[in-house]
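Take the model below and follow it from the whole chain down to single residues. The walk goes from overall make-up to the core, then out to the surface.

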Amino acid sequence: MAESKETTTVGTEAGPPMDTQHTGVEARPAGWMYKGFRIFGKEIWYASPKVQLVMVALVCFLCPGMFNALGGLGGGGLDDATIQDRASTALYSVFAVVAFFSGSFANVLGVKTTLAFGGLGYCVYTASFLCYSHTGNVGFVIFAGCFLGVCAGLLWTAQGAIMMSYPPERSKGRYISWFWIIFNFGGVIGSLIPVAQNVHSTAGTVTDGTYIAFIVLMVLGGILALFLCNADSVIRDDGSKVILMKNPTWKTEFIGLWDCIRLSPWVIALFPMFFSSNIFYTYQQNDFNGAHFNIRARSLNSLLYWLAQIFGAVILGYALDFPKVRRSVRAKAAFCVLFSLTFIIWGGGYAFQRKQLNREDSLNQDSSLKLDWHQGAYIGPMFLYMFYGFYDAVWQTSVYWYMGAISNSGRKTANMAGFYKGFQSAGAAVFFNLDADHISFDTMFAVTWAVCAASLLIAAPIIWLKIGDTVDIEEDLKFSDETVEDVVPSAVLEKKPGGV
């Protein structure tokens with residue numbers, strides 16, 4: 001009779017508080033980062049996944065969260081979206097190239113340095129719109145878009161690595177949900193600024209105070225990133241550590257990019273879904289919200305859009321961690337929900353879009369004739385825009401959870417996050433450029449819907465066949481120079497007969 005092979009998984013569930021005298025779990029190292037304190041009966045410490053995730057979420061709340069609030073106004077708060085389209089094309093073109101390699105930067109420099117530098121570009125970008133509103137300096141806006149592309153590529157790759165590799169397997173959906181809640185509160189609160197400042201305005205542009213408030217908050221976000229700790233300092237509840245390279249070099253990390261594809265070539269089938277994950281912002285924010293509503297209605301729509309994202313992330317994130325259903329089954333169920341929403345919500349969008357003015361007539365329409373929140377005709381489009389936000393959260397949460405289900409390795413998830421943000425940004429660059437070329441609203445809508453649906457069909461076999469119920473540590477260690485002893489608590493190893 002063949003011997004059964006016993007495998008070990010790291011961080012598969014959250015264990016009890018780290019009191020070794022009573023629990024037998026390996027003690028945390030000495031130092032202030034590991035000194036425990038209790039919140040609502042739960043022990044946490046500074047270098048724990050929960051605290052670090054909350055800090056990263058607050059950085060994103062203050063930097064890309066405010067960026068989203070500005071973008072959600074349509075046209076970056078300007079009356080004509082062409083300038084924002086040009087800046088976004090530059091932004092996402094650079095973002096796509098940088099993000100593809102930024103996993104290597106995150107692995108060599110560490111997530112703290114990568115995030116801190118990544119936060120710089122957001123305040124410069126917003127300042128360029130304030131400058132343009134007074135001087136018409138297009139060159140500064142384009143430069144700021146390029147600079148933000150570099151910064152955002154680094155920030156989002158480090159964020160993705162943290163969100164996918166720090167949590168235990170059974171809690172990844174909830175961690176993604178918590179991040180998305182805090183992050184999108186940036187969009188919600190950021191949207192309250194223009195709502196409050198433009199409540200009596202039916203004009204087409206926001207005030208200077210709106211831009212200045214965004215700039216101040218973004219600077220604070222970049223400073224907060226400096227207080228993070230790096231991944232090699234993080235210890236989970238069960239005493240396990242994040243799988244990394246002990247001695248990363250630029251050479252090993254660029255080779256690691258290729259290894260990520262070589263060891264899992266089937267992941268390429270997810271790339272179209274990555275490409276599609278931001279393309280709908282162009283139509284939704286510029287060709288829907290920016291084109292058909294006055295400034296205060298656009299501001300309110302933006303607030304509701306990001307608020308709907310919070311609800312979407314909460315519902316799906318907790319459902320993805322439902323313990324009574326196997327993870328492979330949950331993956332398939334999430335795909336079916338996302339596929340159904342693609343046709344239900346965008347089908348409702350089609351019913352709205354086919355009755356609207358074309359691009360040229362909408363651009364020439366006086367702002368006083370655009371939809372305002374006091375009109376009865378406003379209610380239906382308002383709810384449609386909220387459902388668009390809900391759909392975005394479901395899409396993003398699903399993709400992050402799928403990537404987190406593929407690996408628990410900090411090194412591999414950093415590269416996966418880089419691939420994700422690279423292809424995502426390439427898609428955004430293409431669609432913002434189409435919008436800048438004044439492609440018709442109907443065509444923008446149809447192409448966006450078609451690409452989203454097609455990418456789901458391409459990804460379906462991978463989600464159906466490759467997402468299992470757990471990932472063995474031996475599989476994750478293939479992508480690292482660490483050993484089981486480096487990442488698994490000694491107390492766990494001692495319980496394994498004959499080792500691991």
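What follows describes a predicted model, starting with its overall make-up.

The chain has 21 helices and two strands. It holds 500 residues, and 58% of them are buried. Contacts reach across the sequence. Of those with a separation of 6 or more, 85% join residues 24 or more positions apart. The exposed area of the chain is about 19400 Å². Carbon and sulfur atoms supply 65% of that area.

Now go inside. The largest nonpolar core has 133 residues. Which of them touch the most other members? They are Trp156, Phe179 and Tyr388. Helix α16, residues 379–406, gives the most to this core, with 15 residues.

Stay with Tyr388 for a moment. Setting aside neighbours within four places in sequence, its contacts include Tyr283, Gln284 and Phe288. Tyr305, Ile345, Trp346, Gly349 and Phe445 are also in contact with Tyr388.

Tyr400 sits in helix α16. Is Tyr400 buried or exposed? Its relative accessible area is 1%, so Tyr400 counts as buried, the cut-off being under 20%. Beyond its neighbours within four places in sequence, Tyr400 is in contact with Trp156, Gln159, Gly160, Met163 and Met164, among others. Ile176 and Trp180 are also on the list of contacts, as are Tyr420 and Lys421. Trp156 therefore appears twice in this account: it is among the core members with the most contacts to other members, and it touches Tyr400. Thr413 lies 13 residues from Tyr400 in sequence. Their C-alpha atoms are 9.9 Å apart.

Next comes a polar residue. Asn301 belongs to helix α13, residues 295–320. With a relative accessible area of 1%, Asn301 is buried. What does its side chain meet in a polar contact? The partner is the side chain of Asn289, at 2.8 Å. Leaving out neighbours within four places in sequence, Asn301 is in contact with Asn289, Phe293, Tyr378, Met382 and Tyr385.

Move outward to His438. His438 lies in the loop between α17 (410–436) and α18 (441–465). At 40% relative accessibility, His438 is partly exposed, because the value falls between the cut-offs of 20% and 50%. Not counting residues up to four places away in sequence, His438 touches Thr82 and Arg359. Asp85 is 353 residues away from His438 along the chain. Even so, the two C-alpha atoms are separated by 10.0 Å. The backbone of His438 deserves a look too. His438 has a positive phi of about 60 degrees, although it is not a glycine. Most residues other than glycine have a negative phi.

Finish at the surface. Where is Phe227? Phe227 lies in the loop between α9 (208–224) and α10 (250–263). Its relative accessible area is 52%, so Phe227 counts as exposed, the cut-off being over 50%. Phe227 is also one of the residues in a nonpolar surface patch of about 640 Å². The other members are Ile212, Val216, Val219, Leu220, Ile223 and Leu226.

How values were computed:
Residues are numbered from 1 along each chain as its sequence is written. This is a predicted model: local features need pLDDT of at least 70, side-chain atom pairs count only at pLDDT 80 or more; totals for chains, interfaces and linings use all residues. Side-chain values use heavy atoms; hydrogens and water are left out. Patches are made of residues with over 30% relative accessible area and no salt bridge: like charges are joined within 9 Å, nonpolar side chains (Val, Leu, Ile, Met, Phe, Trp, Tyr) within 5 Å. Accessible areas come from the Shrake-Rupley method with a 1.4 Å probe; for residues, only the protein chains shown count as cover. A salt bridge is a side-chain nitrogen of Lys or Arg within 4 Å of a carboxyl oxygen of Asp or Glu. Helices (H or I, at least four residues) and strands (E, at least two) are DSSP runs, numbered from the N terminus. Buried means under 20% relative accessible area, exposed over 50%, partly exposed in between (1.4 Å probe, protein chains only). A polar contact is a pair of N or O atoms within 3.5 Å; within protein, one must be able to donate a hydrogen and the other to accept it, and residues adjacent in sequence count only if both atoms are side-chain atoms. Contact means heavy atoms within 4.5 Å. A nonpolar core is a set of buried Ala, Val, Leu, Ile, Met, Phe, Trp, Tyr and Cys residues joined through side-chain atoms within 4.5 Å.
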